[in-house]
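Student: I'd like a close look at one part of this model, please. Keep it to a single spot and walk me through it.

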Amino acid sequence: MPITPTADTAAVPAASPEGSGSAASVAPRKGAILAIILVAYFMILLDNSVIFTALPSLEKGLHLAPAELAWVQDAYTLVFGGFLLLGARAGDILGRKRVFVAGLVVFSIASLLVAVAPTGWWIISARTLQGIGAAIVAPTSLSLLTASFRGEERTKAIAWYSAMAGIGSSLGLVLGGALASWLSWRAGFFVNVPIGVAMIVLAPRFLPRTATVSGRFDVLGAIASTLGVGSAVFAVLHAAENGWTSAPTVISLIAAVVLLVFFVLHEARAAQPIMPLRLFRSRERVGGYLTRLLYLGAMIGFFYFTTQYLQGVLGYTPLQAGLAFLPMTAANFAVAAAVPALTRRIGNAPMLVAGVAITFAGLLWLSRIGVGSDYVTAVAAPMLLIGAGQGLAFAPMTAAGIAGASAEDAGAASGVLNTFHQMGTSLGLGVLVAVTALAAPGADAAATPSAQVSAAMTGASALVLGALAVVLALIVPAALAERRRSVSAAPNVPAPNPSAPNPIAPITGATTIMESSR
């Protein structure tokens with residue numbers, strides 16, 4: 001994620017507030033700006049992970065049928081994935097600050113409605129509303145960050161943003177388990193209400209007003225992208241429960257393909273597209289999108305199935321299951337704190353390769369899990385590797401996805417990145433659930449859960465291996481090409497010493513934001 005420009009260049013220049021004022025006037029408030037963005041992002045991550053350890057208690061408390069319980073999560077995922085591009089475009093046209101605040105309002109109200117839900121239809125509807133709020137907050141928070149920080153400050157800011165992705169997810173499991181055990185599953189959603197109110201009050205005061213893009217909404221593109229992505233997500237979620245050959249799954253897949261093909265053709269002709277196709281001219285950005293899709297598909301499976309193993313096989317309570325993820329959280333935090341220094345020293349591309357490779361090793365180790373496995377050697381130890389890999393990978397992975405995007409396209413690039421993120425979680429979980437259905441069909445009842453989790457982790461390892469192949473095929477060559485261009489552009493600068501830190505290497509693994517799309 002860190003975007004590290006050279007000393008005399010900058011990634012997307014900090015947009016001047018509308019009206020009077022300059023980037024310099026924002027400087028004293030940068031700590032507050034970063035805190036607001038990180039806390040808002042944490043809210044989304046919290047509700048997306050707290051649900052895992054709270055589901056058993058929620059099911060009993062509301063007397064939900066299995067299908068209703070699945071839709072408590074699926075409704076959020078479906079809407080979140082479908083509205084991301086629209087949320088990003090709204091920030092560009094209406095102003096990221098006001099749209100960000102509006103998203104916080106929607107998300108906070110939805111969190112309160114979830115917390116007080118008396119019935120299944122109520123909580124599913126409230127989770128749908130949460131998905132809309134998250135689809136607004138997620139892309140605008142990242143684009144606000146890129147507009148508010150430059151140079152080394154941005155490297156550090158995006159490193160913290162990236163770290164929050166892993167740390168927030170892990171802490172959400174711990175908090176969800178603790179609150180479900182001590183109080184109620186509802187408490188995990190009540191937590192976000194005062195946090196949201198505080199951010200709604202502080203954001204207008206501290207966040208800069210970014211310059212808006214003149215024009216209008218690409219209504220047709222917005223409808224096609226929302227319905228297309230939503231249909232694709234629905235197809236994957238439905239297939240996980242009912243199979244890939246069921247009529248609704250097939251119809252949804254066909255609808256998704258038709259709508260998304262129409263969307264691409266429309267965007268190629270639109271005067272003001274919701275997703276500029278020029279974003280895909282950069283092999284680094286394409287690599288960032290595909291890597292995120294595969295990597296997040298593996299990680300959602302890791303959280304989902306490891307939680308099941310801890311509670312279903314090892315017999316942990318929700319609180320114990322949440323606490324069991326602390327080794328991963330600690331490793332993630334420790335490594336993420338070192339990311340800015342590592343970026344300066346070795347660059348984003350090598351760091352991304354190392355992070356994805358270490359994650360692969362941890363998942364492969366975890367896939368050896370069985371009925372007689374113990375927590376320390378079979379779960380906690382590989383978690384350390386997975387946490388360290390996440391800490392290394394998230395920052396350069398996000399940086400690759402927004403590299404080279406102009407200030408005008410910052411919101412769209414953030415929206416596309418988040419769309420691939422959400423599609424990755426939906427597609428990955430659906431694929432891994434299908435994989436578990438094939439695991440140990442002749443095994444006894446005691447062995448089946450362990451065999452299914454082992455199969456899921458094997459599938460997750462394969463997804464991360466695919467992500468590593470994408471990094472090596474697209475992102476690393478882009479980094480090398482940018483390095484050669486940078487050296488040739490400065491003929492009077494002596495060739496770098498291979499044994500010394502390379503000052504050019506940290507450039508997002510490929511480019512500065514100021515550079516035009518490849």
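Which helix gives the most to the lining of the second largest cavity, and with how many residues?

Tutor: That's helix 17, with 4 residues. Helices here are DSSP runs of H or I, at least four residues long, numbered from the N terminus. Bear in mind that this is a predicted model, with local features needing pLDDT of at least 70, side-chain atom pairs needing 80 or more, and totals for chains, interfaces and linings using all residues. Numbering starts at 1 along each chain, and side-chain values use heavy atoms, without hydrogens or water.

The whole structure holds 4 cavities of 30 Å³ or more, and the second largest encloses about 90 Å³ (a cavity is a set of 1 Å grid points where a 1.4 Å probe fits but cannot get out; lining residues have an atom within 4 Å of a point). It has 11 lining residues, and Gln-73, Thr-77, Ile-300, Thr-425 and Leu-429 come closest to its centre. Helix 2 (30–62), helix 3 (66–94) and helix 17 each supply at least two lining residues. By type, the lining splits into 6 polar, 4 nonpolar and 1 charged.

Helix 17 (residues 410–437) also carries Phe-420, whose ring partner Tyr-289 sits in helix 11 (residues 283–312), 131 residues away. Their ring centres are 5.2 Å apart and the planes meet at 15°, so the pair is stacked (pairs need centres within 6.5 Å; under 30 degrees is stacked, over 60 edge-to-face, the rest tilted). Ring pairs also bring in Phe-280, making a cluster with Tyr-289 and Phe-420.

Methods
Phe/Tyr/Trp six-rings, centres within 6.5 Å; stacked < 30°, edge-to-face > 60°. 1 Å grid on protein atoms, 1.4 Å probe; cavity = no way out; pocket = protein on both sides within 12 Å on 5 of 7 lines; lining within 4 Å. Points joined across faces, edges and corners; volume = space filled by probe spheres on them. Nonpolar A, V, L, I, M, F, W, Y, C, P; charged D, E, K, R; others polar.
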